[in-house]
Amino acid sequence: MKYSSEVQSMCPLTKGAYHGPAPIPQEGKWTQVKEIKDVSGLTHGIGWCAPQQGTCKLTLNVKEGIIQEALVETIGCSGMTHSAAMASEILVGKTILEALNTDLVCDAINTAMRELFLQIVYGRTQTAFSEDGLPIGAGLEDLGKGLRSQVGTTYATLEKGPRYLELAEGYITKVAVDKDGAIIGYKFVHLGKMMEMIAGGMDANEALTKASGQYGRVDDAEKLIDPRKE
């Protein structure tokens, strides 16, 4: 290590007391994080690309500095889905520092990784005060039955008004409107559940019926419309 002549000519002084870094909350404990292996936690974060065409929600479960579980959810850009597939393979097994400095194919996913890194190393994880954190697999449980992301897709024009296309309950098949033309409910089908039933051997039409439901005052509707055609 090289020192400038000015530093070399200085007289040495004793450094004061060193108390280490401030402890951060991690999985129900207060931890002084000095190395990557000292870091644990499960948390979520979002990222966006430069043109802000799409976004990514990233969930990581980190144990002793190593990413043990990764859930990558993307929306808004067709290329991001392929990037997400690669990112899920790339992330697991890496330390969070390695992952921060890894090209995760898509800018939105890279940005989400940056945001998660900040949360994790500052003790701002979802499991900061949960004893022993959450087991591997907790990220997958966020998707619920059918293992599908929570998606909300709605559209509207000033001339023709709103159209509900997909909400948390599922894919919208019919929108219920009252006599004034206002939306008062909708019918939906949970595609994840339907595909599970079909994969289990159930007839597709029966699976469609069983996976369908409604929300709101559908029974009071003046009429039902197809939000994709009417």
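Visitor: What makes Lys-179 count as exposed?

Guide: In this predicted model, Lys-179 has a relative accessibility of 68%. Exposed requires a value over 50%, so Lys-179 is classed as exposed.

Visitor: Why is the contact of Lys-179 with Asp-180 called a salt bridge?

Guide: The N to O separation between the two side chains is 3.8 Å. The cut-off is within 4 Å, for a side-chain nitrogen of Lys or Arg and a carboxyl oxygen of Asp or Glu; the pair therefore qualifies. Asp-180 is exposed as well, with a relative accessible area of 63%.

Visitor: How do you know that Glu-166 is buried?

Guide: Its relative accessibility is 14%. Because buried means under 20%, Glu-166 meets the criterion. Its side chain forms a salt bridge with that of Arg-148 at 2.9 Å, N to O. Glu-166 belongs to strand β7 (residues 161-167), while Arg-148 sits in the loop between α5 (138-141) and β6 (153-157), so the pair ties together parts 18 residues apart in sequence.

Visitor: Why is Arg-148 called partly exposed?

Guide: Arg-148 has a relative accessible area of 32%. That value falls between the 20% and 50% limits, hence the term partly exposed.

Visitor: What makes the pair Lys-63 and Glu-27 a salt bridge?

Guide: Their side chains meet at 3.0 Å, N to O, which satisfies the 4 Å limit. Lys-63 lies in strand β4 (residues 55-63) and Glu-27 in the loop between β1 (24-26) and β2 (29-31), so parts 36 residues apart in sequence are tied together. Glu-27 is buried, because its relative accessible area of 11% is under 20%.

Visitor: How many salt bridges does the structure hold?

Guide: The structure holds 7 salt bridges.

Note on methods
Residues numbered from 1 in each chain as written. Predicted model: local features only at pLDDT ≥ 70, side-chain atom pairs only at ≥ 80, totals over all residues. Heavy atoms only, no water. Helix = DSSP H or I, 4+ residues; strand = E, 2+ residues; numbered from the N terminus. Buried < 20%, exposed > 50% of the residue type's maximum accessible area, 1.4 Å probe, protein only.
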